[in-house]
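This briefing goes through a protein model from one aromatic contact outwards to the whole fold. Please keep the sequence and the structure in view while reading.

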Amino acid sequence: MRLICAKNYQDMSRKAANLISAQVILCPESVLGLATGSTPIGIYRQLISWYEKGDVDFSKAVSINLDEYCGLSPRDTQSYSCFMHQNFFDHINIDPRRVYLPDGMQTNSTLECARYDRVIADNGGIDLQLLGIGRNAHIGFNEPDSCFACGTHQVTLTESTIAANTRFFENEAQVPRQAYSMGMQAIMQAKRVLLIASGADKAEAIRNSFFGPVTPQVPASILQLHRDVIVIADEAALADCPAEA
Ligand code: PGA
């Protein structure tokens, strides 16, 4: 693991955007695994700005998102599809035919999970996987559990994730209780993983994930076994890490 300490959120966003931009410049056909949440927003803003200046071209890139709420259509403003369009896709030149998210409206979870795993496989896997991290160390919606989920799966969100995500909804009752999430296999098979974290409320998750035992109770800890993981975190998120890190 390479741990890059950023001064603050803006610095973290810029450093991470640099790596994503370099990936797309070096390989325009890159398959990007993208993430929602508050943390990546600064990265997307930076990439949009570089795109507008002509510095990076997404026309041949593929995007495969980590997850989607069950029961929300792509047009629902709370859906992750809508989030990605509003915060990124609608502002760059990515081909809409190369943008993939799980279909939250598919009620047959077996079919949807198999379809999404096929999407990942048909695109040859992920070149660069961007990950945020939950306060409970979830990645995507891979929540703490007794085992690591392998393929795309339907998840029941934990109370802490529902509470954390309530800020995006009018009230807690509106937060969907289930989601489709990419599993650990696709994440671990990504050629490179870029995990970002900002703020003191992520410090415990970062310490447990990268300086504790590998256990499905701490989902992001599996990344200790990945060959090419870059963690870009700001000082607040690194505050609980051992001094020698
Ligand atoms: P956040 O979410 O970026 O909104 O903190 C991260 C996550 O839950 O994966």
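In this predicted model, phenylalanine 141 has a relative accessibility of 2% and therefore counts as buried, the cut-off being under 20%. The ring of phenylalanine 141 pairs with that of tyrosine 69, and because the centres lie 5.8 Å apart with the planes at 40°, the pair is classed as tilted. Tyrosine 69 belongs to strand S4, whereas phenylalanine 141 lies in the loop between strand S6 (128-131) and strand S7 (153-156), so that the pair links distant parts of the chain, 72 residues apart.

**Around the tilted pair**

- Tyrosine 69, the partner of phenylalanine 141 in this pair, is likewise counted as buried, with a relative accessibility of 1%.
- Leucine 157, which is located in the loop between S7 and H5, touches both rings of the pair, since Tyr69 and Phe141 are among its contacts beyond four places in sequence.
- The other residues that leucine 157 touches under that restriction are Glu143, Ile162, Pro176, Arg177, Gln178 and Ala179.
- The C-alpha atoms of leucine 157 and phenylalanine 141 are separated by 7.4 Å, the two residues being 16 residues apart along the chain.
- Leucine 157 is itself counted as buried, at 5% relative accessibility.

**Aromatic pairs elsewhere**

- The structure holds seven aromatic pairs in total, and one of them, formed by tyrosine 44 and phenylalanine 88, is stacked, with 4.6 Å from centre to centre and 20° between the planes.
- This stacked pair also links distant parts of the chain, given that tyrosine 44 sits in helix H2 and phenylalanine 88 in the loop between H3 and strand S5 (99-100), 44 residues apart.
- Both partners are buried: tyrosine 44 has a relative accessible area of 0%, and phenylalanine 88 has a relative accessibility of 2%.
- Tyr44 and Phe88 belong to one aromatic cluster together with Phe58 and Phe89.

**Helix H3 and its surroundings**

- Helix H3 spans residues 80-87, and because six of its eight residues are buried, this helix is largely enclosed by the rest of the structure.
- The buried residues of H3 are Tyr80, Ser81, Cys82, Phe83 and Met84, together with Asn87.
- These buried residues pack against three strands and two helices, namely strand S2 (31-34), strand S3 (62-65) and strand S4 (67-69), along with helix H2 (41-52) and helix H5 (159-165).
- H3 thus packs against the helix and the strand that carry one ring of each pair described above, tyrosine 44 being in H2 and tyrosine 69 in S4.

**The protein as a whole**

- The secondary structure comprises seven helices and 10 strands, and the C-alpha atoms fill a box of roughly 45 × 45 × 35 Å along the principal axes.
- The radius of gyration of the protein is 17 Å, which agrees with the value near 18 Å that a compact globule of 245 residues would have.
- Buried residues account for 54% of the 245 residues.
- Among contacts with a separation of 6 or more, 79% are between residues 24 or more positions apart.
- The exposed surface comes to about 11000 Å², of which carbon and sulfur atoms supply 50%.
- The protein carries 20 positive and 27 negative charges, and the mean positions of these two sets are 5 Å apart.

Methods: Residues are numbered from 1 along each chain as its sequence is written. This is a predicted model: local features need pLDDT of at least 70, side-chain atom pairs count only at pLDDT 80 or more; totals for chains, interfaces and linings use all residues. Side-chain values use heavy atoms; hydrogens and water are left out. Helices (H or I, at least four residues) and strands (E, at least two) are DSSP runs, numbered from the N terminus. The radius of gyration is taken over C-alpha atoms; the globule rule is 2.2 Å times the number of residues to the power 0.38. Buried means under 20% relative accessible area, exposed over 50%, partly exposed in between (1.4 Å probe, protein chains only). Contact means heavy atoms within 4.5 Å. Accessible areas come from the Shrake-Rupley method with a 1.4 Å probe; for residues, only the protein chains shown count as cover. Lys and Arg count as positive and Asp and Glu as negative; His and the chain ends are not counted. The place of a charge is taken as NZ of Lys, CZ of Arg, CG of Asp or CD of Glu. Rings of Phe, Tyr and Trp (its six-membered ring) pair if their centres lie within 6.5 Å; planes under 30 degrees apart count as stacked, over 60 as edge-to-face and the rest as tilted.
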